[in-house]
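Visitor: Please give me a close look at one part of this model, step by step, and then show me what surrounds it. I'm in my first year, so keep it plain.

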Amino acid sequence: MAIPKISAQQQRQIETMLTKWAGKLTWEALVTQVELDLGLRTTRQTLSSYMGIITCYKRRKAQLRGATPAI
């Protein structure tokens, strides 16, 4: 089994970062913020391979657009 590139703790930190995000949210902005805050050099592809991160990203993106989540 391959070693994960992002630890569970880092994943939770990224999810928290997304929950508190203000302003325009893009994958590029998220990658930059992760590098600044956590010192973790990563890519959009790596971040989007984690279900928790992509779920938080989509939810926050919809909230910032003013869309209501579909339940």
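Guide: Let's settle one word before we start: two residues are in contact, or touch, when heavy atoms of theirs come within 4.5 Å of each other. Keep in mind, too, that you're looking at a predicted model.

Let's start with Ala 29, which sits in helix α2. Leaving out residues up to four places away in sequence, Ala 29 touches Trp 21 and Lys 24. Is Ala 29 buried, exposed or partly exposed? The relative accessible area of Ala 29 is 26%, and anything under 20% would be buried while anything over 50% would be exposed, so Ala 29 falls in between and counts as partly exposed. One more thing about Ala 29: the C-alpha atom of Arg 44, 15 residues away along the chain, is 9.9 Å from the C-alpha of Ala 29.

Trp 21, the partner we just met, is our close-up. You'll find Trp 21 in the loop between α1 and α2. The relative accessible area of Trp 21 is just 9%, so this residue is buried. Which residues does Trp 21 touch, not counting those up to four places away in sequence? They are Ala 29, Leu 30, Gln 33, Arg 60 and Leu 64. Arg 60 deserves a second glance: along the chain, Trp 21 and Arg 60 are 39 residues apart, yet their C-alpha atoms are separated by 7.7 Å. There's a polar link here as well, with a polar atom of the Trp 21 side chain lying 3.1 Å from the backbone oxygen of Lys 24.

Arg 60 leads us to a pair of helices. In general, two packed helices are described by the angle between their axes and the distance between the axes. For helix α1 (residues 8–19) and helix α4 (residues 51–65), the axes come within 9 Å and cross at roughly 0°. An angle under 35 degrees counts as roughly parallel, so α1 and α4 are roughly parallel to each other. On the α1 side, the contact is made by Gln 11, Ile 14, Glu 15, Leu 18 and Thr 19. On the α4 side, Gly 52, Ile 53, Cys 56, Tyr 57 and Arg 60 do the job. Sorted by class, that gives 5 nonpolar, 3 polar and 2 charged residues.

Now follow Ile 14 away from that contact. Setting aside residues up to four places away in sequence, Ile 14 touches Ile 6, Leu 30, Val 34, Leu 38, Leu 47 and Ile 53. Ile 14 is also one of the residues with the most contacts inside the largest nonpolar core, which has 17 residues; Ile 6, Leu 18, Leu 30, Leu 47 and Ile 53 are on that list too. The elements giving two or more residues to this core are α1, α2 and α4.

Two threonines take us back to Ile 6. Thr 42 is in the loop between α2 (27–38) and α3, and at 15% relative accessibility Thr 42 counts as buried. Residues up to four places away aside, Thr 42 touches Ile 6, Val 31, Val 34 and Leu 47. Thr 46 belongs to helix α3 (residues 44–47) and is buried too, at 15% relative accessibility. Skipping neighbours within four places in sequence, Thr 46 is in contact with Lys 5 and Ile 6. The side chain of Thr 46 also makes a polar contact with the side chain of Thr 43, at 3.1 Å.

A little further along is Ser 48, in the loop between α3 and α4. At 23% relative accessibility, Ser 48 counts as partly exposed. Beyond four places in sequence, Ser 48 touches Trp 27 and Ile 54. Ser 48 and Trp 27 are 21 residues apart in sequence and 8.9 Å apart in space, C-alpha to C-alpha. The side chain of Ser 48 also reaches the backbone oxygen of Gln 45, at 3.2 Å.

Finally, step back. The protein chain has 4 helices and 0 strands, in the pattern α-α-α-α along the sequence. Of its 71 residues, 32% count as buried. Among the contacts with a separation of 6 or more, 60% come from residues 24 or more positions apart. The Trp 21 and Arg 60 pair, 39 residues apart along the chain, is one you can now find for yourself.

Key: Residues numbered from 1 in each chain as written. Predicted model: local features only at pLDDT ≥ 70, side-chain atom pairs only at ≥ 80, totals over all residues. Heavy atoms only, no water. Axes fitted to C-alpha atoms, helices over the stretch in contact; angles between N-to-C directions. Parallel < 35°, antiparallel > 145°, perpendicular 65-115°, else oblique. Nonpolar A, V, L, I, M, F, W, Y, C, P; charged D, E, K, R; others polar. Buried < 20%, exposed > 50% of the residue type's maximum accessible area, 1.4 Å probe, protein only. Polar contact = N/O pair within 3.5 Å; in protein donor to acceptor, adjacent residues only side chain to side chain. Core = buried A, V, L, I, M, F, W, Y, C linked by side-chain atoms within 4.5 Å.
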